[in-house]
Every structure is written in C-alpha cells, then in structure tokens.
Amino acid sequence: MSEQNDNPIRAAIAEAIADNPVILFMKGNPDQPACGFSARSVAALQALGAPFAAVDILPDPRIRQELSALSSWPTIPQLFVKGELVGGADIITEMYETGELAETLGLEQPAEAPESSPEGVPAQAAPLGIENRLG
Amino acid sequence: MPSPDEIRQRIESALPGARAEVEDWTGGGDHFRATVVAEQFEGLNRIQQHRLVYDVFGAEIGGPIHALSLKTQVP
C-alpha cells in the first residue's frame, strides 16, 4: 500500500506485530515500566514466564498515535499475540486471573497464582469426621 | 474535566439500558474506573466490549480522560 510507504512509523509497527508472536507496547521497558498499567501487564506476562517483545512508546509520540490508529485501541499498554490485539491492562489482568492468558499464550498457569486462593473457604475445612455420624 | 457522574451518564445514554458505575480512581479527576453491564455486549469478546465503551469518548481517552479502566459484563 502506498499509504504504508508514506508512513514509515506505522509500517514499522505493523512489521513488529507481524514478526513477534507476543509483543507488548508499553510505557517504559519491562525492567522499568513508566506507568502502573504497563507494570501490571508486564507482571502478568512475567508471572507466566511468557517470552515477549516489548516496545517503549514514550520516545516518540507518533508511535502511540500510529499504534492506536492501527489497532483502534486508545490506551497503552497493548498486547498482541500472533498479530491479534488481545487487550490492554484491564483485559490482560482479567485474563491472567481466569487462566485465559496462559491459554492464549499456550502456557501453563502457575500453581501459585495469587488470585486463585478461594475466598470464603476456610483454610482448613472441618474434616468430615466420623463423630458426625455418631450423633 | 469530566466528573465520574458525567462519564456514567454518557456511557448509559450511548448504550441504552446499560448500567455503569464510575469512580475517580486516583482522586485527580483524570483516572477513572468503570464497571459497565450492558446487553449490547452479548456475543462480543472483551476487546469488542471495551471498544464500545471507549468509542463513547473517542479522542478524550488519552487526553482529558487520561485513563479509563474498564470491566464489562453481560447482564
């Protein structure tokens, strides 16, 4: 498309999305996220041990502008898996908690997922003891 | 600067029948958190559901509304 030739930033973004099976556009980098939403998204991916590419959108405001034009998604971060937009921080967090993120990435949900501890269930359920039946 | 109540009303009038709860997340008037329950979300994936809500605000997201954190549900 001539449109893409005229727009090298958008073309570079599209290429990065196509070349990397898992890619996160974020503020800052994974070691030093510059925004809480980006930090939350990185943490979810790292908790799953997912390898991912990361692009810092801060150095040039045009990156964010072109990315949002391409994805029709207004906010940062944005996670793409196999070329498809999966979502921003809210969706990533929600999918992490339900195990869908691991599924989407083809990974195992770690057993120690903090959100998985059921609430309202006593840590030590009363054992179904024999004395109950003795009445 | 929009108030949480204004944001709620705009979501509810753009998606008739929807119920929205909006709070100012940081107290600074530009980071909001919304839970939206709408029949319009039926059959849509999360991305599409969130887009329906984001579309209400267009370019205001990232501008005067720095962040709008969303949770969407079908009633």
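Me: In chain B, how many bridges join β1(B) to strand β2, and how do the two strands run?
Reply: The model is predicted. Strand β2 of chain B covers residues 31-37. Between β1(B) and this strand the run is antiparallel, and the number of bridges joining them is six.

Me: Which residue in β2(B) is the bridge partner of B:Asp24?
Reply: B:Asp24 falls within β1 of chain B, which spans 19-24. Its bridge partner in β2(B) is B:Phe32.

Me: Why is one side of certain strands in chain B left without a neighbour in the sheet, and which strands are they?
Reply: The sheet of chain B is open, has mixed pairing and follows the order β1-β2-β3. Neighbouring strands are turned against each other by 15° on average, direction ignored. The strands at the edges each have a single partner strand, so one side of each lacks a neighbour; they are β1 (19-24) and β3 (67-73).

Me: At about what angle to β1(B) does helix α1 of chain B run?
Reply: Helix α1 comprises residues 4-14 of chain B and lies across β1 and β2 of that chain. Its direction relative to β1(B) is about 155°.

Me: Which elements of chain A each supply at least two residues of the side that touches chain B?
Reply: Eight residues of chain A are in contact with eleven residues of chain B. Those on the chain A side divide into four nonpolar, three polar and one charged. The elements that each supply at least two of them are β6 (84-87) and α5 (89-98).

Me: What ipTM does the predictor give the complex?
Reply: Chain B averages a pLDDT of 93, and 100% of its residues score at least 70. For the complex, the pTM is 0.81 and the ipTM is 0.83.

Key. Residues are numbered from 1 along each chain as its sequence is written. Chains are lettered from A and ligands numbered from 1 in the order in which they are written. This is a predicted model: local features need pLDDT of at least 70, side-chain atom pairs count only at pLDDT 80 or more; totals for chains, interfaces and linings use all residues. Two residues are in contact if their C-beta atoms, placed from the backbone, lie within 7 Å. Helices (H or I, at least four residues) and strands (E, at least two) are DSSP runs, numbered from the N terminus. Ala, Val, Leu, Ile, Met, Phe, Trp, Tyr, Cys and Pro count as nonpolar, Asp, Glu, Lys and Arg as charged, and the others, Gly among them, as polar. Two strands pair if DSSP finds at least two bridges between them. Axes are lines fitted to C-alpha atoms, for helices over the stretch in contact, and angles run from 0 to 180 degrees between N-to-C directions. pLDDT is the predictor's confidence in each residue, from 0 to 100.
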